[in-house]
Structures are given as structure tokens and as C-alpha cells.
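Here's a quick tour of the structure you're about to see. Have it open while you read, and follow along residue by residue.

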Amino acid sequence: MAEDIENVNIGMTQADIDAFLDIVRTARIMQSYLNDETVHGVANVMTPLLKLLNGVASTDLVDVLERSMQDPDMDRALMNPPKVGMYGALREMGDEDFQKGLGIAIEFLKALGRASEDIGD
């Protein structure tokens, strides 16, 4: 019977066996590491991140950010950022796209300020 087992070729090399044993060893380490305290800690970190992700995903923010990042002008600006001073910023105030972006930024900052009032309570 032992001879039959030795003659069976399962197509595994020593490197395959070593890799499999590494996976088993890693699983054992993870098993001993995972306990109630670790799981609770991971949940405490993931809960606010998932809430934030849900909040962002339930708005048009993701679509707007995606489209803005695909804009060729944005790509050029990322590769070679323009230097804009106070007068350059004032000059941009006449641009409709700048006005919209500034309006969104201002509303975001106001909402952030309103939300921060709840933290102290």
C-alpha cells in the first residue's frame, strides 16, 4: 500500500508543497491572532469608514469628482501646476466654472462647520 502512495504523481513540486505549508502556517497565525478584541477593534475602525463611504456614495459627489479628474485641463494642471496669486484668483472669479467650483467648496465647508457643532454635544 505504501508503495502505491509513493508512486502516485499529483503534479506538485517541492516549491508547491512549501507554498501550501506557508499558507497553512499563515492561517494558523491568523487564527491565533483573531480574537474578540481584535474583531471589535477592526469593527470600530471600519464602521465610520463604511458610514462615510455610504454617505459619499449616496450623493452625486463621486460622479462629479470622477468627471473632474478625467478633465484634460485637470490632467495638465496636475502634471504642471499653474502658479496663481491673489490677482490671478481674482481674475478667475469671472469664470463660470470657477464660480461653480467655489460655490460647491463653500457649501461643503459650511456643511462641515454645521456638522462640527454636533460633535461637542
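Let's start on the surface of this predicted model. A patch of negative charge is formed there by Asp71, Asp75, Glu92, Asp95 and Asp97. Asp71 sits in the loop that links helix 4 (61-69) to helix 5 (72-79). Its relative accessibility is 33%, so Asp71 counts as partly exposed; that also takes it past the over 30% cut-off for patch residues.

Asp71 has company in that loop: Gln70 lies between helix 4 and helix 5 too. Gln70 has a relative accessible area of 59%, and because exposed means over 50%, Gln70 falls in the exposed class.

**How the chain is split**

Step back for a moment and look at the whole chain. It's divided into domain 1, covering 9-58, and domain 2, covering 60-121. How far apart are the centres of domain 1 and domain 2? Taken over C-alpha atoms, they're separated by 38 Å.

Two C-alpha distances, both taken from Lys51, help to give a feel for the layout. Gln70 is 19 residues from Lys51 along the chain, and their C-alpha atoms are 26 Å apart. For Met79, 28 residues from Lys51 along the chain, the C-alpha separation is 33 Å. Met79 belongs to helix 5, and with a relative accessible area of 68% it's exposed.

**A nonpolar patch**

Now for a patch of another kind. Which residues make the nonpolar surface patch of about 550 Å²? They're Val42, Val45, Met46, Leu49, Leu50 and Leu53. Met46 is placed in helix 3, which runs over residues 36-57. Is Met46 exposed or only partly exposed? The answer is partly exposed, because its relative accessible area is 37% and the exposed class needs over 50%.

**Salt bridges**

Back to the charges, this time in pairs. The count comes to four salt bridges, and the table gives details for some of them, including the distance between the closest N and O atoms.

| Salt bridge | Closest N and O atoms |
|---|---|
| Asp22 and Arg25 | 3.2 Å |
| Asp73 and Arg76 | 2.3 Å |
| Lys110 and Glu107 | 3.4 Å |

Take the helices one by one. Helix 2 (residues 14-33) holds both Asp22 and Arg25, which are three residues apart, about one turn of the helix. Asp22 is partly exposed at a relative accessible area of 43%, and Arg25 is partly exposed as well, at 46%.

Helix 5 carries Asp73 and Arg76, again three residues apart and about one turn of the helix. How do these two stand with respect to the surface, buried or exposed? Both Asp73 and Arg76 are exposed.

Helix 7 (residues 96-119) is home to Lys110 and Glu107, with three residues, or about one turn of the helix, between their positions. Lys110 counts as partly exposed because its relative accessibility is 43%. Glu107 is partly exposed too, with a relative accessibility of 43%.

**Back around helix 5**

If you want one place to zoom in on, try helix 5 and the loop before it. Asp71 is in that loop and contributes to the negative patch, Asp73 and Arg76 pair up within the helix, and Met79 in helix 5 is exposed.

Key: Residues numbered from 1 in each chain as written. Predicted model: local features only at pLDDT ≥ 70, side-chain atom pairs only at ≥ 80, totals over all residues. Heavy atoms only, no water. Patch = residues over 30% accessible without salt bridge, like charges linked within 9 Å, V, L, I, M, F, W, Y side chains within 5 Å. Areas by Shrake-Rupley, 256 points an atom, 1.4 Å probe, with all protein chains shown as cover. Salt bridge = Lys/Arg side-chain N within 4 Å of Asp/Glu carboxyl O. Lys, Arg positive; Asp, Glu negative; His and termini not counted. Charge placed at Lys NZ, Arg CZ, Asp CG, Glu CD. Helix = DSSP H or I, 4+ residues; strand = E, 2+ residues; numbered from the N terminus. Buried < 20%, exposed > 50% of the residue type's maximum accessible area, 1.4 Å probe, protein only. Domains from an automatic or database assignment.
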